[in-house]
Amino acid sequence: MMTVLVAFSVPLYRLFCAATGFGGTTQRAETTTGSVSDRTVTVSFSTYVAPGLPWRFEPEQRSVRVRLGEEKLVFFSAENLTDEPIVGHATFNVTPAKAGIYFNKIQCFCFDEERLGPRQKVDMPVDFFVDPRLANDPETREIESITLSYTFFRSTDPEGAKDLSRFSASATPDPKRGETLFSERCGACHALDANKTGPLLGGVVGRVAGIVSGYNYSPALHGAGLRWSADALDQWLADPRKFIPGARMPVRVLDPTTRRDIIAYLEAQVRQARAGGSAITRQWQEPSDH
């Protein structure tokens, strides 16, 4: 029993911290709650590099003012100061620590071991929101400012590290990464082959908007007369209600590299379906009477 307890003590402790926000541990979310308050807080950022990691690491903005429930995208820069690739891992917390249970990250470089190439510099996104419930909790409702802190260490487990170059705007679109992101960011509401909360997305690239049979579109999207190109999908994912006023989709994907790779995955699915003669793709490539 003691051996088992020791073996699982670290993962159990991490689970406990994630569930309770203990020690300022932040939460992980797939999307916002959909509720945005008029109450605002200031979120500041601090960064540290542990001894033994020859990186430069700093926030690109010292602080932002956000409404509770508002999704916000910020960036941190990391630069490898050596002539060899190095894998790092970031630890994180917020202060005051009691705010951790309400601080939610949708996307963060701190989720993975990260590889930075020789002399490489990248801008890394963090997509977050502060849960509006912070204002209703007697323990946290007086909080006016939160500090999100990161410390990058040299990784002790470099196997399977992700390449930070994926965050470069000039990086080649990655359908494989897009598949993972689609599952994380879109899978709760969308599938490739069936309507869920949102319409099926198999064959969406090149399809006329608002024509999938059996799905109840908003009048705005149904009557948009839009064909889904990669550019149109990028604008839609960035802010659906701004791109098509009256649209119902509330979820935004703020990071452009995330949008790029999700769209690359959807384009790859269309190419594969065409090559295989998919009925779904053939059915939705041309306008219909739906």
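**View 1. Helix α4 packs against helix α6 in this predicted model.** Helix α4, which covers residues 230-238, and helix α6, which covers residues 256-276, pack at an angle of about 135 degrees, and their axes are 10 Å apart. An angle over 145 degrees would count as roughly antiparallel and one of 65 to 115 degrees as roughly perpendicular, and α4 and α6 are therefore described as oblique to each other. The crossing in which α4 passes α6 is right-handed.

**View 2. Six strands make up an open sheet with mixed pairing.** The order of the strands across this sheet is β4-β2-β10-β6-β8-β11. The edges are taken by β4 and β11 (162-163), each of which has a single partner strand, so one side of each is left without a neighbour in the sheet. At one of these edges, strand β4 (residues 63-67) pairs with strand β2 (residues 40-49) in the antiparallel sense over five bridges, and S63 of β4 is the bridge partner of S44. Strand β2 also runs parallel to strand β10 (residues 145-154), to which eight bridges join it, and here the bridge partner of V43 is I146 in β10. Where β11 stands at the edge, this strand runs parallel to strand β8 (residues 114-116) and is joined to it by two bridges, with D163 in β11 standing opposite R115.

**View 3. Five strands form an open sheet, again with mixed pairing.** Read across the sheet, the strand order is β1-β7-β9-β5-β3, and the edge strands β1 and β3 each pair on one side only. Strand β7 (residues 103-107) is mostly covered, since five of its five residues are buried, that is, under 20% relative accessible area. On one side, β7 pairs with strand β1 (residues 27-28) in the parallel sense over two bridges, and K105 in β7 is the bridge partner of R28. Strand β7 also pairs with strand β9 (residues 121-130), in this case in the antiparallel sense over four bridges. Along this antiparallel pairing, the bridge partner of F103 is V130 in β9, while Q107 stands opposite D127.

**View 4. F57 takes part in aromatic pairs with F76 and with F152.** The structure holds 16 aromatic pairs, one of which is formed by F57 and F76, a tilted pair with 6.1 Å from centre to centre and 35 degrees between the planes. Because F57 lies in strand β3 (residues 55-59) and F76 in strand β5 (residues 72-80), this pair ties together parts that are 19 residues apart in sequence. Both F57 and F76 are buried. The rings of F57 and F152 have their centres 4.9 Å apart and their planes at 80 degrees, so this second pair is edge-to-face. With F57 in strand β3 and F152 in strand β10, the pair links distant parts of the chain, 95 residues apart; F152, like F57, is buried. F57, F76 and F152 belong to one aromatic cluster, which also includes F45, W55, F92, F103, F109, F128 and Y150.

**View 5. The charged ends of two basic side chains sit over aromatic rings.** R28 lies over the face of F111, at 3.7 Å from the ring centre. The charged end of K105 sits over the ring of F92, 3.6 Å from its centre, and F92 is itself a member of the aromatic cluster shown in the preceding view. R28 and K105 are also bridge partners, with K105 in β7, where the parallel pairing of β1 and β7 extends over two bridges.

**View 6. Two loops carry backbone features that merit a close-up.** Most residues other than glycine have a negative phi, and most peptide bonds are trans. A cis peptide bond, with omega of about 0 degrees, joins T95 and P96, and P96 has its place in the loop between β6 (86-95) and β7. In the loop between β8 and β9 lies R119, a residue other than glycine whose phi has a positive value, near 60 degrees.

Terms used
Residues numbered from 1 in each chain as written. Predicted model: local features only at pLDDT ≥ 70, side-chain atom pairs only at ≥ 80, totals over all residues. Heavy atoms only, no water. Pairing = 2+ DSSP bridges. Phe/Tyr/Trp six-rings, centres within 6.5 Å; stacked < 30°, edge-to-face > 60°. Buried < 20%, exposed > 50% of the residue type's maximum accessible area, 1.4 Å probe, protein only. Lys NZ or Arg CZ within 6 Å of the ring centre and 35° of its normal. Axes fitted to C-alpha atoms, helices over the stretch in contact; angles between N-to-C directions. Parallel < 35°, antiparallel > 145°, perpendicular 65-115°, else oblique. Left-handed = near helix turned anticlockwise from the far one by under 90°.
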